[in-house]
Amino acid sequence: MLQFCLFVIILTLVIIVYVKISNGGDVFVITGGGSGVGRALALELVKRGKTVMIVGRRQAILAETAAISPLITYCCADVSTTVGRQRIVDSLQNIPVLKG
């Protein structure tokens, strides 16, 4: 089961959530991670060896960013909807580093 740490940073329209589970796996989830500040943050975290999942509504932009590194995965979702938030949770279950 995923345990969400209380480490959340909100910068303009970018939200970063740090997710950690008991097996030691962790990932940074960045909304708006396909472009702009979100993309820059994702790339910086990858440089530091961190696993990142970027979230946004534009699949082509997300896929382009995710292609930069195997440490980046993406989820095309609208965080303002219940369905979108559930899609993010479901996608987190499929990240290898988080599988228990």
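## Sequence separation of contacts

In this predicted model, contacts between residues at least 6 apart in sequence were sorted by separation, and 33% of them join residues at least 24 apart.

## Chain and fold

The protein chain holds three helices and five strands. Read from the N terminus, their order is β-β-β-α-β-α-β-α.

The chain has 100 residues, of which 37% count as buried. Its exposed area is about 5900 Å², and carbon and sulfur atoms account for 60% of that area.

## Nonpolar cores

Twelve residues make up the largest nonpolar core: I16, Y18, F28, I30, A42, L45, V46, V52, I54, L62, A66 and I72. At least two residues of this core come from each of β2, β3, α1 (36–47), β4 (52–56) and α2 (59–66). Helix α1 is the main contributor to this core, giving three residues. Apart from this core lies another one, of ten residues, which include V27, V29, A77 and I95.

## I72 and T65

I72 belongs to the largest nonpolar core. With its neighbours within four places in sequence left aside, I72 is in contact with L43, V46, V52, I54, T65 and A66. Among these partners, V46, V52, I54 and A66 are also listed in the largest core.

T65 is found in helix α2. T65 counts as buried because its relative accessible area is 0%, and the cut-off for buried is under 20%. Not counting residues up to four places away in sequence, T65 touches G33, G34, R39, I54 and I72. I54 and I72, two of the residues that T65 touches, are members of the largest nonpolar core.

## Second largest pocket

The second largest pocket encloses about 230 Å³ of space. Eleven residues line this pocket, and those closest to its centre are V17, V29, V79, R85 and I88. Two or more lining residues come from each of β2 (14–20), β3 (26–31) and α3 (82–92). Helix α3 gives the most to the lining, with four residues.

By class, the lining consists of nine nonpolar residues, one polar residue and one charged residue. V29, one of the residues closest to the pocket centre, is also among the residues of the ten-residue core. Strands β2 and β3 contribute to the pocket lining and also supply residues of the largest nonpolar core.

Key:
Residues numbered from 1 in each chain as written. Predicted model: local features only at pLDDT ≥ 70, side-chain atom pairs only at ≥ 80, totals over all residues. Heavy atoms only, no water. 1 Å grid on protein atoms, 1.4 Å probe; cavity = no way out; pocket = protein on both sides within 12 Å on 5 of 7 lines; lining within 4 Å. Points joined across faces, edges and corners; volume = space filled by probe spheres on them. Nonpolar A, V, L, I, M, F, W, Y, C, P; charged D, E, K, R; others polar. Buried < 20%, exposed > 50% of the residue type's maximum accessible area, 1.4 Å probe, protein only. Contact = heavy atoms within 4.5 Å. Areas by Shrake-Rupley, 256 points an atom, 1.4 Å probe, with all protein chains shown as cover. Core = buried A, V, L, I, M, F, W, Y, C linked by side-chain atoms within 4.5 Å.
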